Amino acid sequence: MADKRDYYEVLGVDRGADDATIKSAYRKLAKKYHPDMNPGDTEAEKKFKEASEAYAVLSDAEKRRQYDQFGHAAFDGSAGAGGFDFSGMDMGDIFGDIFGDLFGGGRSSRRANNGPMRGANLRTSVRITFEEAVFGCEKEIELTLKDNCSTCHGTGAKPGTSPVTCEKCGGKGQVVFTQQSLFGMVRNVQTCPDCHGTGQIIKEKCTDCHGTGYIANRKKIQVSIPAGIDNGQSIRIRDKGEPGTNGGPRGDLMVEVVVSRHPIFQRQDANIFSTAPISFAVAALGGDVKISTVDGDVLYTVKPGTQTDTKVRLKGKGVPSLRNKDIRGDHYVTLVVQVPTKLNEEAKEALRKFDEANGNTLSQPHEGNEKSKRKGFKFK
Ligand SMILES: [Zn+2]
Ligand SMILES: [Zn+2]
């Protein structure tokens, strides 16, 4: 994992490249290194896989965003978050897209459906708080999972009977027919309409699962959400998807994390942003203010003469990196000087005194000409 090349470097595009540039860069590499064009060349095969992986990530807006933020760690299963497995990915979709013209339109000759097939991935989501996203948490989610029916062991056939080979397709799950077209005879392959691709026909259905071979159960699943996860990122839980068919492995469960808004904190990548009010007196004279952070309140010493909208940085009070939770972003606080709205007589008097000692701004407009007062001009 460590010596993996940068995806942008693999495709030879710069980091700001748009989708079309990425696609055309991949097309070029894929054509050059495609195993069909380089039989037996393992170096070419390696290059082809590398480019395909880079393209799979950079052509997907969400995956690209994760990669830009976390690098290869975004997809490293061991990091626990957002990991994804290229072997389970349907590269067929990409090839159909990229090689449509090379291979004559979508690879229709897909594998027959009656071999072992991996189950489909399931998707769900879980809502967590802002703090839970920052520090990580354990969540329990409940969902309906299909399991192989124990009565018929997943065959769907009534115990004592067994499925019979489909006569229409001879158990292949596909039927081939030829058609006359403008360009001559065309061979077409279609999923068998009688057995729907399974290659088998169930004459007497299992009564427990109604012939589906599956029983649906409510299951509780523990999800470990790593510190630093962001809204919209997903966690892969292996083997909690749909069951495979004909002995194939289960698919995975993808849990998308939805992070609730926080009343004070906002987040951008690893940094947290908030505003904190300070009194006019503290702004002018300096002093300590309490600032809320995800680690609790901290005391910050405001310098004398601090202007409103001054931004201060609380180093290391941001969000931990998904890769290493000891590395944290920063918390940026915008100090907002509060203008008092409710003043008692004593405070008003003090403020007038303050003004007298400080340039007498309160009385100046009366001394100045009426025109400038009306227009709201200020004397400098
Ligand atoms: Zn059954
Ligand atoms: Zn059939």
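**A guided tour of the predicted model**

Begin by selecting C166: it is buried, because its relative accessibility is 2%, below the 20% limit for that class. The model on display is predicted.

**The zinc site**

Next, select the zinc ion (ligand 2) and display the side chains around it. Which residues coordinate this ion? The donors are the SG atoms of C166, C169, C192 and C195, at 2.2 to 2.3 Å. If angles are drawn between these four donor atoms at the zinc ion (ligand 2), they span 102 to 119°, and the arrangement is therefore tetrahedral. For reference, the ideal angle for four tetrahedral donors is 109.5 degrees.

Now trace the chain through the donors of the zinc ion (ligand 2): their spacing reads C-x2-C-x22-C-x2-C. Two of the donors, C166 and C192, link distant parts of the chain and are 26 residues apart. To locate C166, select the loop between strand 3 (164-165) and strand 4 (174-181); for C192, select the loop between strand 5 (184-191) and strand 6 (200-201). Is C192 buried or exposed? With a relative accessible area of 1%, C192 is buried.

Another cysteine to select is C206, which is also buried, at a relative accessible area of 1%. How many disulfides does the structure hold? There are zero.

**The three-stranded sheet**

Move on to strands 1, 9 and 8. They form an open sheet in the order 1-9-8, with mixed pairing. Strand 1 (122-128) and strand 8 (234-237) are the edge strands, each pairing on one side only. From one strand to the next, the twist averages 25°.

Within this sheet, select strand 1 together with strand 9 (residues 253-259): the two pair in the parallel sense over seven bridges. To view one bridge in particular, select I128, whose partner in strand 9 is V259. In general, the strands of a sheet pair through backbone hydrogen bonds.

**The largest nonpolar core**

Finally, select Y7, L11, V13, I22, Y26, L58 and Y67. These residues have the most contacts inside the largest nonpolar core, which has 24 residues. Which elements give two or more residues to this core? They are helix 1 (7-11), helix 2 (19-33), helix 3 (42-58) and helix 4 (61-70). Colouring these helices separately helps to show their contributions; helix 3 gives the most to this core, with seven residues. Nonpolar side chains tend to be buried together in soluble globular proteins.

How values were computed. Residues are numbered from 1 along each chain as its sequence is written. Chains are lettered from A and ligands numbered from 1 in the order in which they are written. This is a predicted model: local features need pLDDT of at least 70, side-chain atom pairs count only at pLDDT 80 or more; totals for chains, interfaces and linings use all residues. Side-chain values use heavy atoms; hydrogens and water are left out. Two strands pair if DSSP finds at least two bridges between them. Helices (H or I, at least four residues) and strands (E, at least two) are DSSP runs, numbered from the N terminus. Axes are lines fitted to C-alpha atoms, for helices over the stretch in contact, and angles run from 0 to 180 degrees between N-to-C directions. A disulfide is a pair of cysteine sulfur atoms within 2.5 Å. Buried means under 20% relative accessible area, exposed over 50%, partly exposed in between (1.4 Å probe, protein chains only). Donors are N, O and S atoms within 2.8 Å of the metal (3.2 Å for Na, K and Ca); water is not among the atoms, so sites may look incomplete. Four donors count as tetrahedral if all angles lie between 85 and 135 degrees; four count as square planar and six as octahedral if opposite donors are over 155 degrees apart and all others between 65 and 115; anything else is irregular. A nonpolar core is a set of buried Ala, Val, Leu, Ile, Met, Phe, Trp, Tyr and Cys residues joined through side-chain atoms within 4.5 Å.
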